[in-house]
Amino acid sequence: MDVESSKATAMIPESPKKHKRRNVCLGVTAAVILVISLFLLILGLTVFKPKKPTTTVDSTSISDLKVSLDIARLSVHLNVSLDVDLSIKNPNKVSAKYKDSSAFLNYRGQVVGEVPIPAGKISADSTQPMNVTLTLLADRLLSDSQLFSDAMAGAIPFNTLTKISGKVSIFNLFKVQFTSTTSCDLVVFVSNSTIEDQKCKYKTKL
């Protein structure tokens, strides 16, 4: 008798009040989730809209310069190191992370020096200073005939190139990749070890 009674109890359908209460609870939960999602979306498209982090070259100076001309062989032995001071500005309302990147020293389109830039993080609405030293790898210019002419003229053209890539993550929902590039053409004057005619171009892609 008890078994039959329990079976009968289990078969009793849910009361209309309980069913209505459950539906209301589910509806409210869904509405709250929807409102929160819309709120985060609006913030992501307005206040937290991803902006381009930018890299700027603040100054470039010569830390080492040695030039030796071999007139008989029409060759030149050159050692040069450039200190490049950079600033990476993050205009976003959240922090930005950048991965391992690189800076390059170029001579007439040829890479003659390279230095790694370790991965890091830039706080929201802040500018992070950075210094890299680019040193010429002399063996890469042993066969370059133009270098002798430039050294004889006392003005050697170089280009410094930095490329920093990373991402901006907003609420862990929106992740935007960026690449910030700086390219500076400059001339090293041998006679007084100075840098002149520096012209920089900046570009950031999202």
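Let me start with a word I'll use a lot: a residue is buried when its relative accessible area is under 20%. Keep that cut-off in mind, and keep in mind too that this is a predicted model.

So, our opening residue: is threonine 55 buried or exposed? Its relative accessibility is 2%, so threonine 55 counts as buried. You'll find threonine 55 in strand β1, which covers residues 54-70. What does threonine 55 touch once we leave out residues up to four places away in sequence? The list is Leu86, Ser87, Ile88, Thr162, Ile164, Ser180, Thr182 and Tyr202. With one of these, serine 180, threonine 55 also makes a side-chain polar contact of 2.9 Å.

Now let's step back to the sheet that β1 belongs to. This is an open sheet of three strands, ordered β1-β2-β7, and the pairing is antiparallel. At its edges stand β1 and β7, residues 126-135; each has a single partner strand, so one side of each has no neighbour in the sheet. From one strand to the next, the twist averages 10°. As a reminder, strands of a sheet pair through backbone hydrogen bonds. Strand β2, residues 75-90, pairs with β7 over 10 bridges. If you'd like one bridge to look for on screen, valine 84 has valine 132 in β7 as its partner.

On to helix α3, residues 145-153. Which of its residues are buried? They are Leu147, Phe148, Asp150 and Ala151. These four span an arc of only 165° around the axis, so they sit on the same side of α3. Turn to the other side of α3 and you meet Ser145 and Ala153, both exposed. And what covers the buried residues of α3? The cover includes β1, β2, β4 (101-107) and β8 (155-170), so our friend β1 turns up here as well. Just after α3 comes glycine 154, with a positive phi near 85°.

Positive phi brings me to my last pair of residues, neither of them glycine. Serine 193 has a phi near 55°. Serine 193 sits in the loop between β9 (174-189) and β10 (194-205), and at 38% relative accessibility it counts as partly exposed. Aspartate 197 also has a phi near 55°, but this residue lies within strand β10. With a relative accessible area of 52%, aspartate 197 is exposed.

That's my tour. Thanks for listening, and do ask away!

Notes
Residues are numbered from 1 along each chain as its sequence is written. This is a predicted model: local features need pLDDT of at least 70, side-chain atom pairs count only at pLDDT 80 or more; totals for chains, interfaces and linings use all residues. Side-chain values use heavy atoms; hydrogens and water are left out. Helices (H or I, at least four residues) and strands (E, at least two) are DSSP runs, numbered from the N terminus. Buried means under 20% relative accessible area, exposed over 50%, partly exposed in between (1.4 Å probe, protein chains only). A polar contact is a pair of N or O atoms within 3.5 Å; within protein, one must be able to donate a hydrogen and the other to accept it, and residues adjacent in sequence count only if both atoms are side-chain atoms. Contact means heavy atoms within 4.5 Å. Two strands pair if DSSP finds at least two bridges between them. Axes are lines fitted to C-alpha atoms, for helices over the stretch in contact, and angles run from 0 to 180 degrees between N-to-C directions. The arc is that of the directions from the helix axis to the C-beta atoms.
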